[in-house]
Amino acid sequence: MRVLVTGSSGQIGTNLALRLIADGHEVFGVDKRPNTWTKEFETLLQDLAIHYPAFRGGIAGVEYPEVDLVVHLAAHAKVHQLVRQPHRALENTTMTFNVLEYCRQLELPLVFSSTREVYGDVHRFEEYGEATADFAYTESPYSASKIASEALVYAYARCYDLRYLVFRFSNVYGRYDNDLKRMERVLPLFMHQMSRGEPITVFGGEEKVLDFTYVDDCIDGIARGIERLAGGRVANETINLAYGEGNSLVRAAELIAAELGVEPRIEQAPALLGEVTRYVADIRKARKLLEWEPRTPLDEGIPKSVAWFREWRTAHPEEDVEIRSDRAPGEIEHGFKQPAGAGA
């Protein structure tokens with residue numbers, strides 16, 4: 001197949017593109033940033049977050065190569081950045097709208113990346129099944145943008161016969177996630193800080209329990225979904241992709257410290273505004289529809305991630321510097337405090 005991947009320079013996009021190429025497919029990437037990890041596929045530099053007039057050949061009047069399926073991963077995904085800058089949440093829905101219009105005009109099937117954030121942070125059940133998401137429990141502008149984007153996908157399916165799969169990811173970690181200037185993901189941030197002998201802060205403390213998903217498991221689920229959607233075997237489904245097991249963020253930090261061979265200096269603080277502090281996925285649907293099984297528990301994924309981190313850091317010693325918050329000087333916070341590295 002020929003697959004268009006938006007957000008192709010990010011962690012999931014890069015890993016997915018390389019997997020699809022290895023499987024014999026062609027990949028065309030779209031991202032507003034160059035891919036710093038690989039040159040194995042073509043990337044069009046384009047910002048999709050502007051409301052463009054409809055254009056049959058591509059988006060924003062740009063002619064795209066002919067493709068068979070679209071994977072839409074592009075989004076502003078820093079939860080706390082979107083609390084401070086809610087206009088970015090609107091940009092997320094605009095990106096989705098532009099991609100949907102492209103798919104509608106060319107009758108292309110769509111794989112859309114959503115998030116466990118759509119379930120909110122109400123501790124009313126374990127193993128969040130796909131049907132339990134409710135907009136009444138929206139925690140942040142980011143989760144609202146994903147709920148709204150999902151709604152657009154479902155509307156296009158009803159009105160324009162769009163064939164789709166929606167995947168809800170949960171704390172994907174592993175290879176190509178160390179771009180800390182762009183995305184302060186919590187596990188690579190902990191690796192960076194602890195390797196420098198710096199203390200780390202766990203917002204939410206021991207009570208923060210999340211479903212960490214090793215990147216190869218996530219990519220395998222997406223790849224299976226792409227094949228089944230393109231082949232007409234599975235369509236118009238919303239599916240959780242996660243490991244299906246909760247681990248505290250404190251335990252994850254301790255595993256990283258053990259792998260680095262350092263004594264962790266862990267400070268605990270209250271959860272921040274907009275955070276989901278407990279999530280364990282129900283992955284029965286993915287098992288049934290995709291014949292998929294996650295294979296990498298946290299205590300096996302962390303060593304793989306630390307090994308990749310060390311390899312990358314050895315090749316890029318210039319990145320061994322203090323990480324600063326991305327908040328602009330003098331930015332108004334409206335009562336919201338965002339320490340560096342708070343995102344998960």
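**Figure 1. Contacts of Gln 193 in helix 5.** In this predicted model, Gln 193 is in contact with Glu 198, Pro 199 and Ile 200, neighbours within four places in sequence being left aside; contact means heavy atoms within 4.5 Å. Gln 193 belongs to helix 5 (residues 186-195). Helices (H or I, at least four residues) and strands (E, at least two) are DSSP runs, numbered from the N terminus. With a relative accessible area of 14%, Gln 193 is buried; buried means under 20% relative accessible area, exposed over 50%, and partly exposed in between (1.4 Å probe, protein chains only). Residues are numbered from 1 along each chain as its sequence is written, and side-chain values use heavy atoms, with hydrogens and water left out. As the model is predicted, local features need pLDDT of at least 70 and side-chain atom pairs count only at pLDDT 80 or more, whereas totals for chains, interfaces and linings use all residues.

**Figure 2. The seven-stranded sheet.** The strands of this open sheet have the order 3-2-1-6-7-8-13, with parallel pairing; two strands pair if DSSP finds at least two bridges between them. Strand 3 and strand 13 (237-241) are at the edges with a single partner strand each, so one side of each lacks a neighbour in the sheet. From one strand to the next, the twist averages 20°. Strand 1 (residues 2-6) pairs with strand 6 (residues 69-72) in the parallel sense over four bridges. Thr 6 has His 72 in strand 6 as its bridge partner.

**Figure 3. Helices 3 and 6 on the sheet.** Helix 3 (residues 87-106) lies across strand 1, strand 6 and strand 7 (110-115), and runs at about 175° to strand 6. Helix 6 (residues 215-230) packs on the sheet and touches strand 6, strand 7, strand 8 (164-169) and strand 13. The direction of helix 6 makes about 170° with that of strand 8. Axes are lines fitted to C-alpha atoms, for helices over the stretch in contact, and angles run from 0 to 180 degrees between N-to-C directions.

**Figure 4. Aromatic pairs.** The whole structure holds twelve aromatic pairs; rings of Phe, Tyr and Trp (its six-membered ring) pair if their centres lie within 6.5 Å, and planes under 30 degrees apart count as stacked, over 60 as edge-to-face and the rest as tilted. The ring centres of Trp 37 and Trp 312 are 4.7 Å apart and their planes are at 55°, so this pair is tilted. Trp 37 lies in the loop between strand 2 (26-31) and strand 3 (42-45) and Trp 312 in helix 9 (residues 298-315), so the pair ties together parts 275 residues apart in sequence. Trp 37 is buried at 13% relative accessible area, and Trp 312 is buried at 15%. Ring pairs link Trp 37, Tyr 176, Trp 308 and Trp 312 into a cluster.

**Figure 5. Positive phi at Asn 171 and Tyr 176.** Although not a glycine, Asn 171 has a positive phi of about 45°. Asn 171 is placed in the loop between strand 8 and strand 9 and is buried, with a relative accessible area of 11%. Tyr 176, also not a glycine, has a positive phi of about 65°. Tyr 176 is found in the loop between strand 9 and helix 5 and is buried, with a relative accessible area of 15%.
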